[in-house]
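Thank you for making time this morning. I would like to walk through one model with you, starting with how far it can be trusted and then going through it piece by piece.

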Amino acid sequence: MFEKFFHEVTGPYIWGLILLLSLRAIFSSVRKKDYPHAAAFIAVAIVAAFMTASALDMLPPAIAEIFA
């Protein structure tokens with residue numbers, strides 16, 4: 001069962017969707033002046049951006065060598 005879930009989450013478009021949702025949550029949290037939640041969503045956005053770039057082979061070569 002975990003293999004099926006892992007396969008679905010490794011797609012670049014799923015990570016892109018997570019990135020867009022986290023950016024929306026950051027914007028919403030900042031508008032409500034809820035800074036702790038905005039900070040948490042910033043961490044989610046960073047990870048989602050990295051995973052999206054990794055899945056689409058868009059990482060800079062220096063970073064790609066570190067995680068290869």
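Let me begin with confidence, since this is a predicted model, and among the elements of the chain helix α1, residues 2–9, has the lowest mean pLDDT, at 57, while α2 has the highest, at 94. Over the chain the mean pLDDT is 85, and 84% of the residues reach 70 or more. Where pLDDT is low, the predicted coordinates should not be read in detail. I will therefore leave the details of α1 aside, given its mean of 57.

Now the overall picture. The secondary structure comes to four helices and zero strands, so that, read from the N terminus, the order of elements is α-α-α-α. The chain has 68 residues, of which 18% are buried. Its accessible surface comes to about 5,500 Å², and 73% of that area belongs to carbon and sulfur atoms. If we take the contacts between residues at least 6 apart in sequence, 41% of them join residues at least 24 apart.

Let me turn to α2, which covers residues 12–31. Does its end-to-end distance agree or disagree with what we should expect of a helix with 20 residues? At 1.5 Å a residue the expected span is 28 Å, and the end C-alpha atoms of α2 are 29 Å apart, which agrees.

Which residues of α2 are buried? They are P12, W15, G16, S22, A25, I26 and S29, and I would like to follow three of them, G16, S22 and S29, along the helix.

G16, in helix α2, has a relative accessibility of 17% and therefore counts as buried, the cut-off being under 20%. The C-alpha atom of G16 is separated by 9.5 Å from that of A45, although their positions lie 29 residues apart along the chain.

S22 is also in α2, and with a relative accessible area of 3% S22 is buried. What does S22 touch, once its neighbours within four places in sequence are left aside? The contacts are with F41, V44 and A45.

S29, again in α2, is buried at a relative accessible area of 8%. With neighbours within four places in sequence left aside, S29 is in contact with D34, H37, A38 and F41. F41 thus appears in the contacts of S29 as well as in those of S22. S29 can also be related to A39, a residue of helix α3: these two are ten residues apart in sequence and 9.0 Å apart in space, C-alpha to C-alpha. A39 itself, at 45% relative accessibility, counts as partly exposed.

For contrast with the buried positions, consider Y13, which is found in helix α2 but is exposed, with a relative accessible area of 69%. Together with L56 and M58, Y13 makes a nonpolar surface patch of about 390 Å².

I come now to the backbone in the loops. Most residues other than glycine have a negative phi. Where, then, does K33, with its positive phi, sit in the chain? K33 is found in the loop between α2 and α3, the latter being residues 35–55, and just after α2 this residue takes a positive phi of about 60°. At 62% relative accessibility K33 counts as exposed, because the cut-off for that class is over 50%.

D57 is another such case, with a positive phi of about 55° although it is not a glycine. The place of D57 is in the loop between α3 and α4, where α4 is residues 61–67, and at 70% relative accessibility D57 counts as exposed.

Finally, a word on the C-terminal part of the chain. S54, in helix α3, is partly exposed, with a relative accessible area of 32%. S54 and F67 are 13 residues apart in sequence, and their C-alpha atoms are 9.6 Å apart in space.

To close, I would put two points side by side for discussion: the span of α2 agrees with what its 20 residues should give, whereas α1, with the lowest mean pLDDT among the elements, is a part that I have deliberately not interpreted. I am happy to take questions.

Conventions
Residues numbered from 1 in each chain as written. Predicted model: local features only at pLDDT ≥ 70, side-chain atom pairs only at ≥ 80, totals over all residues. Heavy atoms only, no water. Buried < 20%, exposed > 50% of the residue type's maximum accessible area, 1.4 Å probe, protein only. Expected span 1.5 Å × (residues − 1). Contact = heavy atoms within 4.5 Å. Areas by Shrake-Rupley, 256 points an atom, 1.4 Å probe, with all protein chains shown as cover. pLDDT = per-residue confidence, 0-100. Patch = residues over 30% accessible without salt bridge, like charges linked within 9 Å, V, L, I, M, F, W, Y side chains within 5 Å. Salt bridge = Lys/Arg side-chain N within 4 Å of Asp/Glu carboxyl O.
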